[in-house]
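Reader: I'd like a close look at one part of this model, the middle of the main sheet, and then a walk outwards from there. Could you take me through it in one go?

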Amino acid sequence: MDLGISALSYVNSIKNAEFTVEEFISKSLERINQVDEKLHAFLRVNDLVIKNAREIDTKIKSNQNVGKCYGMPISVKDNICIEGSKTTCASKVLENFVAPYTSTVISKLNSEDAIIIGKTNLDEFAMGFSTEFSAYGPSRNPWNTDYVPGGSSGGSGVSVSANECIASLGSDTGGSIRNPASFCSVVGLKPTYGLVSRYGLVSYANSIEQIGPLTKTVEDSAFLLNIISGIDSNDNTTVDNKNQDYLNNIDAGISGKKIGIVTEMTNSEGLSTDVLNATNDAVKTFEKLGANCEQVSLQMIPYTVAAYYTITSTEAGSNLARYDNIRYGYEFDSSGFEFNSYISQARSKLGPEVIRRMILGGFVPSAGHAGKYFLKALKVKSKLIAEINHVFEKFDFLISSTVPIQPFKFGEKIQDPVSLMMVDFNTVTANLTGIPAISVPYKITNGLPIGIQIMANCLEEHSLLQAAYALEKTVDLPKVPV
Amino acid sequence: MKNLVNEEEISEVAKLMKIDLADHNDHIKRVQKMLEYFDILDNAGVESEEITVQETDLDKLRDDKYNPYDKNLLKFLKSYQGKYVKAPKLN
């Protein structure tokens, strides 16, 4: 049995009775036991998976209706709530937090008979790009365990790449799905803002974050998007996508499409030569497939990282104010404390990156500083949206590398906050403007992956996935060495 | 010359955010570096730009009706009495 199969192949194999759900889930658990001590993709594995698998096998055998997922094992980033089970956000402050309700995306997966195999590691409260900020220790890149897997949905990327599960759900605030997808050589899709319900996702920067899939193939991302997308009365930012089928005609090709190569993302200071070569190569591939590629400049790009951190820190400062030890927190009594010192005491246990973002988030919108930082960041965002709208009048897609560099070694960037911020130079534009973006595995150079990012206009996931599929079909990558 | 945001200003904001910097003095330098990088926003030339906001039509909101919530959320709290949450004394 090949644990590396795609979601679509898994469904076919189950339908053809090549193996049972229980057999596949048991093998997946074995694999987790084998490799996860080293990789640390999972924070917790679901104890009930074998029972769930047997229930679905029974349904299949007795010809009852079975959901589209046929019991496939899916991992979920540990900032997405499932009623009755822990959701820690990889923070000590939520170490014992049991979610009182289930997120919409999980309800949708459950109703299609997916099996949630476990909760995956992340940078604490999804703030970071390497999982080095997880309070429970980092995940490791299956391509080379001396290197980071990317983040913040690092555990999700690792779990799919290392064949510990079929697919995963992550969240993307500034590249947190696409970055680990690129670093671990899997597909990662950040949908249009509002296409997927955020109900039950622990808030960090609600105005820009989205839940999305990390998968082995582009088709699998389309398959999962079909299930998790759509309007939800519990999240009034969701849009009605009229049950669009993203798998339909996914092989339509991209002949005649216009692709803009984002100049600022192909000549940025921190861009590695290997990554630039891979990007140029991908452009040539698109041209061979019949697309017309030309350079396009977006003047606001150089300011996007500063604008992104300003806006997200402000929202984080407000969202994380709830971790006050009264509603969420640690096991220590309030008696003997004065109000402020009690809350300070509780917050002192938040990790260093979270503390810094909270301080930043208090500073940049404060009286006397808002004009210089927060309001200017919002203006950059507005102008960037106008530029993007203008560009998509002429182009169908934009292309860049997903990350300007390849995976880096543990400890290499953590000491320098500015170089750590620059890791998301190519990804934040999609978040600030709400457009969809996908990372497609493209190359393995020096034993480490490089992903290519394709962006499209809002709600153009259908054509975006067609473009990603066309690119994917041109590459043949080695198997993960773990 | 770069005009660094001074440490006192950052400390004051941290205090207002109820973050005790006694344990966290090393953070100030990093926050300073990040703020220094944010100076790049001054070069964006967006002073006269309008801030656009996302609008949601009222008819897109869910119905304004009472949905009873039957789960006992209080039981998730560590410290409560009857219907009340226990919190430390406010000075």
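Author: Let's start with a pair of strands. β4 (residues 167–172) of chain A runs antiparallel to β6(A), and six bridges hold the pairing. One spot to find on screen is Ser171(A), which sits opposite Ile211(A) of β6(A). Keep in mind that this is a predicted model.

Now stay on β6(A), which covers residues 210–215 of chain A. This strand is mostly covered, with six of its six residues counted as buried. β6(A) also pairs with β5 (residues 187–190) of chain A, again in the antiparallel sense, through two bridges. Here Gly188(A) has Leu214(A) in β6(A) as its bridge partner.

Zoom out a little and you can see where these strands belong. They are part of an open sheet of eleven strands in chain A, ordered β1-β3-β2-β4-β6-β5-β10-β11-β9-β7-β8. Read along that order and you meet β4, then β6, then β5. The pairing across the sheet as a whole is mixed. The edges are β1 (42–45) and β8 (292–296) of chain A, each with pairing on one side only. On average, neighbouring strands are turned by 30 degrees against each other, ignoring direction.

Take the β1 edge for a moment. β1(A) is joined to β3 (residues 115–120) of chain A by three bridges, and the two run antiparallel. Val45(A) is matched there with Gly118(A) in β3(A).

Elsewhere on the sheet, a helix comes in. α16 (residues 461–472) of chain A lies across β9 (397–401), β10 (437–445) and β11 (448–456) of chain A. Against β11(A), the helix runs at about 150 degrees.

What about chain A overall? It has 16 helices along with its eleven strands. Its C-alpha trace spans about 65 × 55 × 45 Å along the principal axes. A compact globule of 482 residues would have a radius of gyration near 23 Å, and the 21 Å of chain A agrees with that. Buried residues account for 60% of the chain. Among its contacts between residues at least 6 apart in sequence, 76% join residues at least 24 apart.

There is a record to set beside this: UniProt, in an unreviewed entry, places "domain: Amidase" at residues 23–465 of chain A. In the model that span is 36% helix and 14% strand, and its end C-alpha atoms lie 31 Å apart.

Chain B is the other piece of the picture. It has two helices and two strands, arranged α-α-β-β from the N terminus on. Its radius of gyration is 23 Å, well over the 12 Å that the globule rule gives for 91 residues, so chain B is more spread out than a compact globule. The C-alpha trace of chain B spans about 60 × 45 × 20 Å along its principal axes, and buried residues make up 20% of this chain.

Finally, look at where the two chains meet. The contact takes 48 residues from chain A and 42 residues from chain B. On the chain B side, α1 (7–16) and α2 (25–38) each supply at least two of the residues that touch chain A. The largest share, seven residues, comes from α2(B). By type, that side of chain B divides into 23 nonpolar, 13 charged and six polar residues.

Notes:
Residues numbered from 1 in each chain as written. Chains lettered and ligands numbered in written order. Predicted model: local features only at pLDDT ≥ 70, side-chain atom pairs only at ≥ 80, totals over all residues. Pairing = 2+ DSSP bridges. Helix = DSSP H or I, 4+ residues; strand = E, 2+ residues; numbered from the N terminus. Axes fitted to C-alpha atoms, helices over the stretch in contact; angles between N-to-C directions. Contact = placed C-beta atoms within 7 Å. UniProt positions renumbered as here; feature names shortened; annotations may be inferred. Rg over C-alpha atoms; globule rule 2.2 N^0.38 Å. Buried ≥ 20, exposed ≤ 12 C-beta atoms within 10 Å, placed from the backbone. Nonpolar A, V, L, I, M, F, W, Y, C, P; charged D, E, K, R; others polar.
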